[in-house]
Amino acid sequence: MTYRQIKWLILVVPSLTIGIWEFVRHEFHIPYLSMELGNILAPFIVLGATLAISLPLFRMLEHSQRQLQEARELQSALEERERIARELHDGIAQSLFLLAVKADRLEKGDAAAAESIRRTVHRVNDYVRQAIASLRFAPAAQSLPWTEMLHRLFADARDAGLDVRVDWRLPESELSVREKVELYACLREALANVQKHADARTAIVRCAAAGGGWTCTVADDGRGPDAADAAASGGGRGRYGLTIVRERAAAMGWRFALEREAERTSFTIRKE
């Protein structure tokens, strides 16, 4: 029985009971019951009928409410696990990859790589602390200024050996706080994907306002997307990072595309 049916039965039963009692009393019991006695019996009869029918309905309603609450708690737990997975992927996993790249450069005799590795290790430590704190407290927006976040993101990619060229024409005022956080995460994943999977030397980041919205593109000269990349960009279950980007973009109402044209791969996020 549905919640709507239970609600209507609880509302209808008292009225229906008093109506039936008055009909039976006037049709069959008038010779045997006085008006005063009938009036006294009426509320007790209504109460008895209401209890007999409504108590099981209340138990069913309480059971439905418990099931709904359990479903909500399960959904909240799954959403929290997904949020933590994103934080670990966006922060720790990508930083460890960057650290591995710098370690390879150190083995080849790059003196500057040692200091770069030290900074990356400290940054991974910061990510771990933030992940632990996010399990204890409500998540907060990024504390660093927007432009500093972008400069650090592009500097990290350059430290890993990727030639990043930036053409940024999107005013900060065009973005809300949440849009800044989500766009930053998408750009970070795009650059990490170029470094890990595209085997590219150069990445060009372009972002500009257009038609009341904006478009951000990361184009690289790498080998192009494989089947896993295509699956993630098209809605299938491909690479986890690109799947996260697709979900982030969908949640914000943005369009996400991963395309190959003229020996270049373009990772595009568009707000229309």
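**Exercise 1. Classify Glu172 by its accessibility and describe its salt bridge.**

Glu172 has a relative accessibility of 36% and therefore counts as partly exposed; buried means under 20% relative accessible area, exposed over 50%, and partly exposed in between (1.4 Å probe, protein chains only). Its partner in a salt bridge is Lys180, and the closest N and O atoms of the two are 2.7 Å apart. A salt bridge is defined here as a side-chain nitrogen of Lys or Arg within 4 Å of a carboxyl oxygen of Asp or Glu. Lys180, at 18% relative accessibility, counts as buried.

The conventions behind these values are as follows. The model is predicted, so local features need pLDDT of at least 70 and side-chain atom pairs count only at pLDDT 80 or more, while totals for chains, interfaces and linings use all residues. Residues are numbered from 1 along each chain as its sequence is written, and side-chain values use heavy atoms, with hydrogens and water left out.

**Exercise 2. State how many salt bridges there are, and characterise those of Arg248 and Glu263.**

Step 1. The count by this rule is 9 salt bridges.

Step 2. Arg248 pairs with Glu182, with the closest N and O atoms 2.7 Å apart. This pair links distant parts of the chain, since Arg248 lies in helix α7 and Glu182 in helix α5, 66 residues apart. Helices (H or I, at least four residues) and strands (E, at least two) are DSSP runs, numbered from the N terminus. Both Arg248 and Glu182 are buried.

Step 3. Glu263 forms a salt bridge with Arg260, with the closest N and O atoms 3.6 Å apart. Glu263 counts as exposed at 61% relative accessibility, whereas Arg260 is partly exposed at 34%.

**Exercise 3. Identify the disulfide, and explain why Cys186 is not bonded to the closest cysteine sulfur.**

Step 1. A search of the whole structure finds 1 disulfide, the term denoting a pair of cysteine sulfur atoms within 2.5 Å. The disulfide joins Cys207 to Cys216, with an S to S distance of 1.8 Å.

Step 2. The torsion about the S-S bond of Cys207 and Cys216 is about -40°, so the disulfide is left-handed. Both cysteines are buried.

Step 3. The sulfur of Cys186 lies 9.4 Å from the closest cysteine sulfur, that of Cys216, which is too far for a bond. Cys186 is buried, with a relative accessible area of 1%.

**Exercise 4. Describe helix α5 and its share of the largest nonpolar core.**

Step 1. With 22 residues, α5 reaches 31 Å from its first C-alpha to its last, close to the 32 Å expected at 1.5 Å a residue; the expected span is 1.5 Å times one less than the number of residues.

Step 2. The helix α5 is mostly covered, as 16 of its 22 residues are buried. Just after α5, Asp199 takes a positive phi of about 55°.

Step 3. A nonpolar core is a set of buried Ala, Val, Leu, Ile, Met, Phe, Trp, Tyr and Cys residues joined through side-chain atoms within 4.5 Å. The largest such core has 34 residues, and those touching the most other members include Leu183, Leu191 and Trp214. The largest share of this core, 8 residues, comes from α5.

**Exercise 5. Determine which elements have the lowest and highest mean pLDDT.**

The pLDDT is the predictor's confidence in each residue, from 0 to 100. The protein chain averages 75, and 68% of the residues score at least 70. Among the elements, helix α6 (residues 227-234) has the lowest mean pLDDT, 51, and strand β1 (residues 163-169) the highest, 94.
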